[in-house]
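Please take a moment with the sequence and the structure shown below. The paragraphs after them lead through the fold step by step.

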Amino acid sequence: MSAQTNPYPVILPESLKLGHLVAALGTFVKATAWELGERFNSALAPKYGPDWLYDHFHDKYTPNLHDPDFVIQRHPQDSILWEALPPYSWDLQERFKRARWTRNRWEHAAAEQNMNSFINGVDQIKRLAEPLGLGTRDYAPELLARVKTLQISGGVLPPSDLELELERQRQEAQEARDAAAHAVRAATAAVADARAMGKVAEEAAQAKAEAEQQALHAEAEIRRLEDELRHAAKASRVALEEPADVLHAGQPWGDLPLGARTLSLKANMIDLMDQTTQTLLSEQVGEVAIQAAGKWLAFMPAGGRVHLTPAGHAAAYVGGQYIYLGRLDVDAEQAT
Amino acid sequence: MTTIAIGPLVLHTNNVGWQPSKASAFAQGESLGKAYPATVTGPGGLEIDIELFMSLDGEGMVHCPNPATVPADYTRLAHGARLGVYIDSDGHWTVRQLRLLRFSASERWGNPTKTTLDELDGLLGGSVKELMSSLGAIEVGPKSVVLGTRGDDLAMRWFSDEGPKLPLSAYVLTRVLPIYQALN
C-alpha cells in the first residue's frame, strides 16, 4: 500500500456550538490516526509482509489500520509498532495515553464537552503528533486560532497560557477523582463480598478507606484548580481597559459598541446563561456571576438579554434604550 | 452547581438553591413553600426554566413556574404535566407516579401516561436506573416494589439529602425530552 493523501483535511469549526467542535476535533483525531496508520504500514509491510496487520494483531477481528481505537492507544513496549516510531519512552507512551483519553472523551462523552475541553483536546493530540513528526501537527495552530477568533467575536477573552494549563490540570484531577470513585465502589463491593463469605474484611476495608481518601484529595485538588482558574480569568478581565469603564450603573450605554457576547439574565436562578456554550456563567467564572446577576436584576426584574464585553461590562435594552448594568467583577466585589 | 446530561438536553442548577416561594397548583389553592430553580438547555438554543416546588405540608412538584418564559413549542409544559413529589412520613422523598408525556408533534399536545424502565431507557439512550442511582435514588421501579403499594406505575424513592437533582432530572426525562424528540 503506498502512502496516500490524508483523506481528512482540517475542519475548522464555524461556531462554538458543540456539533462544530465535535466535527473539528473528531476530524483531527481521525486524520492523525490515518497518518499514523500509514506510517505503520510503510515501515512494517516491507519487513513483515503485506499481511503484517493480520499476522500480528488478528484476534477475533483484524484491526483497521486507520482506526483511532487501534492506532491511538498505549502500545505494549514489545509491540512491533514501535519499530515504526521513535524509540520507546515513558513520555511518548503517556502522550499516546492522553491522546486516547481525548479521543474517548469526544467519542463516548461528547455531550459533556465544551470549548475548554476542545482546546485541551487539540493540545493533547498535537502533543502526540509533534514528536512523531506527523503532518497533522499543523492542524493544531489552525484549530486554536479559529477557536480564539470565535471567542473574540463572541466577546470572550482568549484563555491565557496559565488558564490553559490550569484547565488541563483540572481535567487530570477530574480523571483522578473518577478513578478514585471507581476504586471506592470496587472496595465497597469487596468488603461486602468478604463479609458475606465470613472472611475477615480488614484488608478490604482498609483499601476502601484509602480509596475514599484519594477521592477526597482529588476533589480538593479540583476545587483548588477551579479557584485558580477563576482568579486567572478574573485578572485577565480586570486588566482590560474599555470605554465603558467611565459609566455608572443605570446610565445610558450611548454609542459605545455593545459587547458581542450575549447571555440571558435569569431571574429564577439569579445567574446568566450562555446559550453558545450551554453553560451558566457561574460555572465559568464562579460566584461573581450570581452576585452580579443579583444586582443587574434590579434593572430588569424579569431578566432578559445582556451584552457582555471582554472586560465584563454589561448592557441591556431597558425602557427603550440600552443602559449600563455594571461590571462583572466590580459588582460582585460590591455585593460581598 | 451541577450540569446533568439527559440525552441531548442538559439540566443546570447553581448555588442559589432553595428560595421561599409559593405556587397555586394544589387543590387547596395557593401554597407557601420553597422552590429550587433550574434551567434546561438543548440544541438549537432551547432554554426552559423549571423548578422543584415543595409546599410546607410536604407535597410538591416539578413544573415550569413562569409560563411566559416557556418556548412556544413547549407550551404544553405551561399547562400542567407537572411531576408530583412527596415527602413520606419516614422522611424519604418519592415520585409516586413516574409517567411519560406522550407528545404529538402535530397536535402540539399530549398527556403523561404509564411507562416502563425499558421505554425510558430507549428514550434516554442509556440506563435510567443507573442515571437515577448516580444521583442518589434508593430505588426506581414499579410502584409495588418501590412503595409496596398496588399499581404498575413507575415510582422512585430517595433520601432528601440527595437534593433536588433527582426529581428535576426525572422531569427533564419524562416531560421535556419527549417533546424535544417529537419535534426533532
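In what order do the six strands of the open sheet in chain A lie? Before the answer, a word of care: the model is predicted. The order of the strands in this open sheet of chain A is 3-2-1-4-5-6, and their pairing is antiparallel. Strands of a sheet in general pair through backbone hydrogen bonds, either parallel or antiparallel. Strand 3 (279–280) and strand 6 (321–327) of chain A have a single partner strand each and stand at the edges, so that one side of each has no neighbour in the sheet. At one of these edges, strand 3 of chain A is joined to strand 2 of chain A by two bridges in the antiparallel sense, and A:Leu280 of strand 3 is the bridge partner of A:Met273.

Helix 10 of chain A packs on this sheet, where it touches strands 1, 2, 4 (304–308), 5 (313–318) and 6 of chain A, and its direction makes about 110° with that of strand 2 of chain A.

Some of these elements also take part in the meeting of the two chains, in which 16 residues of chain A are in contact with 17 residues of chain B. On the side of chain A that touches chain B, strand 1 (261–266), strand 2 (271–274), helix 9 (281–285) and helix 10 (287–296) each supply at least two residues. The residues on that side of chain A comprise six nonpolar, five polar and five charged ones.

Elsewhere in chain A, helix 1 (residues 18–48) has 31 residues and, at 1.5 Å a residue, should span 45 Å, which agrees with the 43 Å between its end C-alpha atoms. After helix 1 of chain A comes A:Gly49, whose phi is positive, near 90°.

Key: Residues numbered from 1 in each chain as written. Chains lettered and ligands numbered in written order. Predicted model: local features only at pLDDT ≥ 70, side-chain atom pairs only at ≥ 80, totals over all residues. Contact = placed C-beta atoms within 7 Å. Helix = DSSP H or I, 4+ residues; strand = E, 2+ residues; numbered from the N terminus. Nonpolar A, V, L, I, M, F, W, Y, C, P; charged D, E, K, R; others polar. Expected span 1.5 Å × (residues − 1). Pairing = 2+ DSSP bridges. Axes fitted to C-alpha atoms, helices over the stretch in contact; angles between N-to-C directions.
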